[in-house]
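Trainee: Please take a close look at a single strand for me, and then follow it outward to whatever surrounds it.

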There are 6 protein chains.
Amino acid sequence: MKAYLTRAYMFSASHRLHCVDFSPEKNVEVYGKCNNPHGHGHNYRIEVTVAGQVDPKLGMICDLGELDTFVQNEILERYGLANLNTFPEFKDVVPTTENLSVEIFNRIRSGFNPAQVTKVRIQETAMNSFEYSGGAALRN
Amino acid sequence: MKAYLTRAYMFSASHRLHCVDFSPEKNVEVYGKCNNPHGHGHNYRIEVTVAGQVDPKLGMICDLGELDTFVQNEILERYGLANLNTFPEFKDVVPTTENLSVEIFNRIRSGFNPAQVTKVRIQETAMNSFEYSGGAALRN
Amino acid sequence: MKAYLTRAYMFSASHRLHCVDFSPEKNVEVYGKCNNPHGHGHNYRIEVTVAGQVDPKLGMICDLGELDTFVQNEILERYGLANLNTFPEFKDVVPTTENLSVEIFNRIRSGFNPAQVTKVRIQETAMNSFEYSGGAALRN
Amino acid sequence: MKAYLTRAYMFSASHRLHCVDFSPEKNVEVYGKCNNPHGHGHNYRIEVTVAGQVDPKLGMICDLGELDTFVQNEILERYGLANLNTFPEFKDVVPTTENLSVEIFNRIRSGFNPAQVTKVRIQETAMNSFEYSGGAALRN
Amino acid sequence: MKAYLTRAYMFSASHRLHCVDFSPEKNVEVYGKCNNPHGHGHNYRIEVTVAGQVDPKLGMICDLGELDTFVQNEILERYGLANLNTFPEFKDVVPTTENLSVEIFNRIRSGFNPAQVTKVRIQETAMNSFEYSGGAALRN
Amino acid sequence: MKAYLTRAYMFSASHRLHCVDFSPEKNVEVYGKCNNPHGHGHNYRIEVTVAGQVDPKLGMICDLGELDTFVQNEILERYGLANLNTFPEFKDVVPTTENLSVEIFNRIRSGFNPAQVTKVRIQETAMNSFEYSGGAALRN
């Protein structure tokens, strides 16, 4: 009996969309105002879905408190109120929200053991969201 | 041509998370404040998804009014403004929202015939949701 | 590495649910007040999901601006602030939101090339939504 | 000790913005696509605020059930799934949401006695809302 | 130059609407299913509004962190995941959301000094909210 | 007969909270992580409220299209996808959302004539909002 638990988290950060392999003109053409050198930002709403059997005694897929602690320490502390371009994982990878969702998925998949993360969805604005459900790792 | 209709319903109820097989200390360790003997409560938002062919004349998967009547009579009347722990189905099963979503899914699956329920998702708070899409029944 | 981008759009329109093959009595029986000759309306929120590889340089599934332009020109300009029953595609097809989601899916699938649409979800009211993910075309 | 209770209701309806005193050209200039003869529609979310003393025994400003019954019978039954232009109150008054909020305010003010309505706010779309708090009646 | 800051907080709790001065029959008549002895519950969303001058150097009305700490310690720790009827302040006062908003307003007004609370609004369900802006204290 | 129209707009931007009159240590003490030199960002939802008589013929307080054009040209083009600290108005004024709401209010009050702006409310995150209704201008 498989069930899914989705827990939402929020943090605010800034980013600049800029590809080091492109000329300045090409960067403006591709990213428009999102390429401005001073950056802009978002309130990111991260929805983490884990899947599993419902433990017949506990009635739970996993302990929400453990998931909260992991995400707080590994994701929110890291990216909250920060500029995404300043992190090593976004040195050669443009910090689009597509890539951010892959990065966050991989961090939870490799570090959180009590249940298996099956999806990370990031609401970037009221009108945009991105979703990633795993696959080959981003930079391999 | 398969399509999906999702209809949302809301009710408010209370529950206490307490497993009769655990010691009082173990219950507090597992459920924290959710184990307090007087219970607490939620506004549950239930999203019921049914799947089916779109009838080429009617342009509908099923009659929304029939689904509303079923859910009103079998789910909302039962659990609305009640304490979940007082129902026989939650005598030996902890009324976590995981188990509540399984119970509601099974009640719709076995009792509603005009279309097949394929998913029940329960939003427990603004930050938590649980989803169940069937499988072996909970207590078999 | 497959990822999903979902972009939401909104427009307001009116419709009347009425099947030309039914008698007036049958239409009232099936559609209730939705069959009233003067119609009623909704704020439709359309969520378009496209799937694809995240381009390793761009960090994007597809150019959001291109999707916006397509949907603006082909969907929002067409149906926004209009009466759905006045369009040829709803001459013999009842403009239920089920059928509207099939129609919009097919228009995007056949006309938008930069990425593959995999789902169209329409939120008709705060409590109802419909989702279509393709299959045989509606009228073939 | 004054307190405020706000209760939300939803209905879907259609309207056409058209002023009988204007030429066809002037109507198009003023109302744009909202003047199209077939109309368009919205999901209106009506928020009714009543003010009063909190009854020291009951702990309530007024009985919510009485307000629900009044609004159901006098507002939702009337306008729900209908075309606003077909009502006598909008024969000479353009059924903009501004005027709809005045009309609904006046109907509640004159017909509902258990507590005093102090504000009607109508959310017309996710981006627009209108609010009316009384004053001289609309057509006097 | 007066400005307003509104900060939202959420907690889940249960309550039973029951007036000790009423007969059992009268309690059922007044409160309906909300009078059931086992209680029911809600996700309460509390919106606290404080008013003040914007400090010309800091650019702030008050330190958000101080408000968060106060509300966390005095309100959320107290009522979160609890049953409202078990508190002394609701021994003789029915824990309706009207009375809860008065109680929370008074606790903030008397205990939080950095800025003046001017309104407490409690969203009880998606359709109900209550608002209190001060006045004579509840039980005087 | 006074009525209110509120129109919402959204833009994403970044800012850094830093007061040039404070020492680095004092800036960290006051603004915490919001003082990091690379900034962070938000999706700002701006709600502009204008008040006025409802024109008896038009049924409108003012032409929504004119308000949209003004806000698009003067506010959204300016601040959208930008870094607030780079503008002259925030050279000596910390771009907190309190100050941003004052700045936007003053720009609309002095430049938009068809109706009088009475309130600007900015939702900074899902949990914070700021509201300004005029008074002495910010820097006089």
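**Strand β5 of chain A and its surroundings**

Mentor: In β5(A), A:Asn128, A:Phe130 and A:Tyr132 point one way, A:Ser129 and A:Glu131 point the other way, and all are buried. Buried means under 20% relative accessible area, with exposed over 50% and partly exposed in between, for a 1.4 Å probe and protein chains only. This is a predicted model, in which local features need pLDDT of at least 70 and side-chain atom pairs count only at pLDDT 80 or more, while totals for chains, interfaces and linings use all residues. Residues are numbered from 1 along each chain as its sequence is written, chains are lettered from A and ligands numbered from 1 in the order in which they are written, and side-chain values use heavy atoms, with hydrogens and water left out.

The strand covers residues 128-132, and 5 of the 5 are buried, so β5 of chain A is largely enclosed by the rest of the structure. Strands (E, at least two residues) and helices (H or I, at least four) are DSSP runs, numbered from the N terminus.

Within the chain, β5(A) pairs with β4 of chain A, residues 116-123, in the antiparallel sense over 4 bridges; two strands pair if DSSP finds at least two bridges between them. A hairpin of 4 residues joins β4(A) to β5(A), and A:Ser129 in β5(A) has A:Gln123 opposite. Across chains, β5(A) also pairs with β1 of chain C, residues 2-15, again in the antiparallel sense and over 5 bridges. There A:Phe130 stands opposite C:Leu5.

Chain C has a buried cysteine to consider next. C:Cys34 sits in the loop between α1 (24-31) and β2 (40-53) of chain C, and its relative accessible area of 17% makes C:Cys34 buried. Leaving aside residues up to four places away in sequence, C:Cys34 touches C:Arg16, C:Leu17, C:His40 and D:Leu81, where contact means heavy atoms within 4.5 Å. The closest cysteine sulfur to that of C:Cys34 belongs to B:Cys62 and is 14 Å away, too far for a bond. A disulfide is a pair of cysteine sulfur atoms within 2.5 Å, and a search of the whole structure finds 0 over all chains. D:Cys19 is in no disulfide, the nearest cysteine sulfur being that of D:Cys34 at 14 Å; D:Cys19 is buried, at 4% relative accessibility.

Chains C and D are related by symmetry. A turn of 180° with a shift of 0.0 Å along the axis lays chain D on chain C with an RMSD of 0.0 Å, which is the relation of a two-fold axis. Copies are superposed by least squares on the C-alpha atoms of residues with pLDDT of at least 70 in both. Of the interface residues of chain D, 96% are also interface residues in chain C, so the copies meet through the same surface. Chain A superposes on chain F by a rotation of 180° with 0.0 Å of shift along its axis, at an RMSD of 0.0 Å.

Last, the nonpolar cores: each is a set of buried Ala, Val, Leu, Ile, Met, Phe, Trp, Tyr and Cys residues joined through side-chain atoms within 4.5 Å. The largest has 106 residues, and D:Phe11, D:Ile104, E:Phe11, E:Ile104, F:Phe11 and F:Ile104 touch the most other members. Apart from it lies another core, of 105 residues, including A:Ala13, A:Ile104, C:Phe70 and C:Ile104.
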